[in-house]
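This report describes the surroundings of the ligands in one protein model. The sequence and the structure come first, and the text follows.

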Amino acid sequence: MKYQTQKVAYPFFIAALLLFAGQVLFGLLAGAVYVWPEFMAEAMPFHIMRMSHTNLLVVWLLIGFFGATYYLLPEEAETELHSPMIAYIQLGIFVFAGAAALVGYQFGIHEGREFLEQPLWVKILLTISFLMFLYNGSRTLLAGRRTAISMILMAGLWLAAIFWLFSFYNPSNLSLDKMYWWYVIHLWVEGVWGLIMASLLAYLLVKMSGVDREIIEKWLYVIVGLVLFAGLLGTGHHYYWIGTPGYWQPLGNIFGALEVLPLFSMVVFTFYMFWQGSRNHPNKAAILWTLGCAVMAFFGAGVWGLMHNMSWVNYYSHGTQVTAAHGHLAFYGAYVMLNLAVISYAMPQLRGKLPYNQIRNMWSFWMMTGGMAFMTFTLTFAGVVQTHLQRVMGENYMTTQDQIWVFYAMRFGAGIIVVIGALVFLWATLGKPREQTPKGAAHVAAGSADG
Ligand code: HEM
Ligand code: HEM
Ligand SMILES: [Fe+2]
């Protein structure tokens, strides 16, 4: 770690990881309801568990992105961060607002628009915190060296904030409501967050593969171009039957399908760089998460997205467990693994330790990734059977649910493994580091002087 102010990232990563643990625990509760429908029905209804689960997810991912930005900006810009104080205050506001929303949900206080359930004042606080972050980051960026990585990262975060503003607009016309809802949901995960993903992966590759920055940046431009080219009009795959004009059908089919290209390029990009690279970086856990992120994002977002992308498939599968299968693997592969890759890379340096506990960290990788993959398969089977029985045969919703109970039971089992894997990750990154043998330590120290 070259710059003092990089340590600002530390509390961000700790907060992100704690909220991550909360997120998967709420997921497990919601998963239990699918197995035992009466589970906690009085104490905490399903929709409250669900919004707690998904809101914690998005909040911790954003905190992770903030931390990642604060961590890499000084290095990239070759100057100290503009203001550590703004960063800490901004984190405080964000965590407070997220926690307040979470507590409110338990008392039934929410606005009931999926993912955007936060009460107005919470949304305003989140916006203020986000703007403070953007100010702090942009000042740092403008004060120093501007690299493709830092420019694209900050552009992604600015655009995320701008599209977030559409969450304040909730027209009473249901078609318009949905239309603008996707400006936040789709244009975040398949548009501007793609800039964040590509630039953070590029940063990790610059640090760990040893390939020249110039080469990595060329790839980065191509991938970002593809993300925007396909992702923006790809919004059409949500506009098939919500009352939008018919031309959205071909647009959604074509550009939605094209969204697979940037995801595939990211797999080739990460593998090719590590294969070409000369550096034997000692942080094998961070390398594993980096490669895993590209691969699982390709499957979760690309393959599972394409599966229900076409209008003639989506006509039947819309809103079934097929969607949930895709939603889980896509979010996990692209953004959860991305954050865990950055945290695995940065944490040892933030704590002034050599890469440590890599075995524990890698165990958590396989438990979580295996668990999420299995969960995705069970949900996919559930979704296919559900689509057939409910949408093709015309059985009613609850009759169908009875037939696919066994998949929900298996999903719950997979969920337990994911939760344990997440706790092992916390243990590996926050717990007491294991002693290094002098020989091992010397080897690791020599290799960790990364540029
Ligand atoms: C990292 C990237 C992605 C993430 C995080 C993601 C996440 C999600 C989530 C959470 C939903 C459900 C939204 C809801 O509540 O209704 C969804 C729906 C959908 N996604 Fe993605 N997605 C990603 C990429 C993609 C890609 C690349 C494609 C196409 C190839 C795609 C196609 C779709 C479609 C067609 C739906 C609508 C499903 C329905 O009609 O029920 N997604 N996505
Ligand atoms: C890091 C891991 C996880 C991520 C990224 C994640 C993400 C998500 C997302 C994006 C949704 C909304 C899906 C949609 O609209 O289609 C969701 C819903 C849900 N998640 Fe998770 N989740 C994770 C872990 C878990 C775990 C461990 C369980 C436990 C079984 C779980 C159970 C559920 C349930 C039951 C729902 C509600 C689905 C529905 O309404 O049908 N999740 N999760
Ligand atoms: Fe989409």
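## Ligand 1 and its surroundings

In this predicted model, a nitrogen atom of ligand 1 lies 3.4 Å from an N or O atom in the side chain of Glu-190, a polar contact, that is, a pair of N or O atoms within 3.5 Å; within protein, one must be able to donate a hydrogen and the other to accept it, and residues adjacent in sequence count only if both atoms are side-chain atoms. Helix H6 (174–209), helix H10 (284–307) and helix H12 (321–350) are the elements that each give two or more residues to the shell around ligand 1. Helices (H or I, at least four residues) are DSSP runs, as are strands (E, at least two), numbered from the N terminus. H12 supplies the largest share of this shell, 7 residues.

The shell around ligand 1 consists of 26 residues, and the closest are Glu-114, His-318, Gly-319, Thr-323 and His-326. A residue is near a molecule or strand if one of its heavy atoms lies within 4 Å of it. By class, 11 residues of the shell around ligand 1 are nonpolar, 12 polar and 3 charged. Ala, Val, Leu, Ile, Met, Phe, Trp, Tyr, Cys and Pro count as nonpolar, Asp, Glu, Lys and Arg as charged, and the others, Gly among them, as polar.

Residues are numbered from 1 along each chain as its sequence is written, chains are lettered from A and ligands numbered from 1 in the order in which they are written. Local features need pLDDT of at least 70, side-chain atom pairs count only at pLDDT 80 or more, totals for chains, interfaces and linings use all residues, and side-chain values use heavy atoms, with hydrogens and water left out.

## Ligand 2

Around ligand 2 there are 24 residues, of which Tyr-34, Arg-50, His-53, Glu-114 and His-328 come nearest. The table lists polar contacts of ligands 1 and 2.

| Ligand atom | Protein partner | Distance |
|---|---|---|
| Oxygen of ligand 1 | Asn-314, side-chain N or O | 2.9 Å |
| Oxygen of ligand 1 | Gly-319, backbone N or O | 2.7 Å |
| Oxygen of ligand 2 | Arg-50, polar side-chain atom | 2.6 Å |
| Nitrogen of ligand 2 | His-53, side-chain N or O | 2.8 Å |
| Nitrogen of ligand 2 | His-328, side-chain N or O | 2.8 Å |

Two or more residues of the shell around ligand 2 come from each of helix H1 (9–35), helix H2 (46–77), H12, helix H13 (358–392) and helix H15 (405–430). This shell has 12 nonpolar, 9 polar and 3 charged residues.

## The iron sites

His-326, in helix H12, is the single protein donor to the iron atom of ligand 1, with NE2 2.0 Å away. Donors are N, O and S atoms within 2.8 Å of the metal (3.2 Å for Na, K and Ca); water is not among the atoms, so sites may look incomplete.

The iron ion (ligand 3) is 4.3 Å from the iron atom of ligand 1. Its coordination comes from His-186 (ND1), Glu-190 (OE), Glu-190 (OE), His-237 (NE2) and His-238 (NE2), at 2.1 to 2.7 Å. Along the chain these donors follow the spacing H-x3-E-x46-H-H. Glu-190 lies in helix H6 and His-237 in the loop between helix H7 (213–234) and helix H8 (248–258), so the pair ties together parts 47 residues apart in sequence.

His-237 is buried, at 12% relative accessible area, whereas Glu-190 counts as partly exposed at 21% relative accessibility. Buried means under 20% relative accessible area, exposed over 50%, and partly exposed in between (1.4 Å probe, protein chains only).
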